[in-house]
Amino acid sequence: MKIGYTHRKTGQVREIDSPYDNDKSAYDALLDKISKSDKVSNFERRVAEAYANFSAGRWSYLSDAKRYWLHSLTMEEESAPRHDRGIRMPLEGIKRMLSKAGEHVKSPSIRLNAEGIELKVSIAGARSRYTGDVMVASPKFGDGWYGRIAQDGKFYPGRDSTPAVRAALSRLAESPEEVAAEFGKITGRCCFCNRSLTDDRSVSVGYGPVCAERFGLSWGAN
Ligand SMILES: [Zn+2]
């Protein structure tokens, strides 16, 4: 059964071929997934709650978007945008950078610009379902989920992923230093700590001297 919706702001159309005959079956599968997992995202919980409210008559209406996620959250990879499926990226460079910084700062991250969309790249901590994977989200918590790169380099796109996001990540994976520095040049902010870059030398390399040392990079050697 085809389920889809059009994003109100971006006009982006999402459609999947749901394996479930009806909403109730999709809901049962989602509850099953939630009950088997010790780390459930707020988003998964919200979608399940929406259907529960709707089916109990507390809500008169279930939006197309909620229905779409109700059916697709249990399909994980199948629900990913087609262009993003089965892509692999080398993780070593990103991880080297982040783990070096991890010796100095608590949760190091790299910021990225994907054609105007800002991304925050970090490594999932010990309490995550995906410990050690590279996670890609919006810098503003809850504002966007772009996916993760698993330890084997496989990219699992998130619900907000676009071709531009995937391309930016691929480039970061291939040449982390160069791409991380680009962010600073474009935005005038350090790609690691997000502080404004105040001197010309920092702007030209894309990060400041303190972060350069933390992340194991040369600064202003050009
Ligand atoms: Zn910095």
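**Exercise 1. Describe the second largest pocket of this predicted model: its volume, its lining and the parts of the chain that contribute.**

*Solution.*

Step 1. The volume is taken up first: the second largest pocket holds about 850 Å³ of space.

Step 2. Its lining consists of 25 residues, and those closest to the centre are Tyr5, His7, Arg8, Trp69 and Asp160.

Step 3. The lining is then assigned to secondary structure. Two or more residues come from each of β1 (2-6), α2 (42-55) and α3 (64-72). The greatest contribution is that of α3, which supplies four residues.

Step 4. Sorting the lining by residue class yields eight nonpolar, eight polar and nine charged residues.

Step 5. At the domain level, domain 1 (2-72) and domain 2 (83-161) each provide at least three residues to the lining of this pocket.

**Exercise 2. Identify the protein donors of the zinc ion, and determine which parts of the chain Cys190 and Cys211 tie together.**

*Solution.*

Step 1. The protein donors are the SG atoms of Cys190, Cys193 and Cys211, at 2.2 to 2.3 Å from the zinc ion.

Step 2. Along the chain, these donors follow the spacing C-x2-C-x17-C.

Step 3. Cys190 belongs to the loop between α6 (176-187) and α7 (200-205), whereas Cys211 sits in helix α8 (residues 209-214); the pair therefore ties together parts that are 21 residues apart in sequence.

**Exercise 3. Classify each zinc donor as buried, partly exposed or exposed, and state how many disulfides are counted.**

*Solution.*

Step 1. The cut-offs required are under 20% relative accessible area for buried and over 50% for exposed, with partly exposed in between.

Step 2. Cys190 has 2% relative accessibility and is therefore buried.

Step 3. Cys211, with a relative accessible area of 5%, is likewise buried.

Step 4. Cys193 has 29% relative accessibility, so this residue counts as partly exposed.

Step 5. For the disulfide count, a pair of cysteine sulfur atoms must lie within 2.5 Å. Applying this rule to the model gives zero disulfides.

**Exercise 4. Summarise the overall architecture: how many helices and strands are there, what box do the C-alpha atoms fill, and what percentage of the residues is buried?**

*Solution.*

Step 1. The protein contains eight helices and seven strands.

Step 2. Taken along the principal axes, the box filled by the C-alpha atoms is roughly 65 × 35 × 30 Å.

Step 3. Of the 222 residues in the protein, 44% are buried.

Technical notes:
Residues numbered from 1 in each chain as written. Predicted model: local features only at pLDDT ≥ 70, side-chain atom pairs only at ≥ 80, totals over all residues. Heavy atoms only, no water. 1 Å grid on protein atoms, 1.4 Å probe; cavity = no way out; pocket = protein on both sides within 12 Å on 5 of 7 lines; lining within 4 Å. Points joined across faces, edges and corners; volume = space filled by probe spheres on them. Nonpolar A, V, L, I, M, F, W, Y, C, P; charged D, E, K, R; others polar. Domains from an automatic or database assignment. Donors = N, O, S within 2.8 Å, 3.2 Å for Na, K, Ca; no water. Buried < 20%, exposed > 50% of the residue type's maximum accessible area, 1.4 Å probe, protein only.
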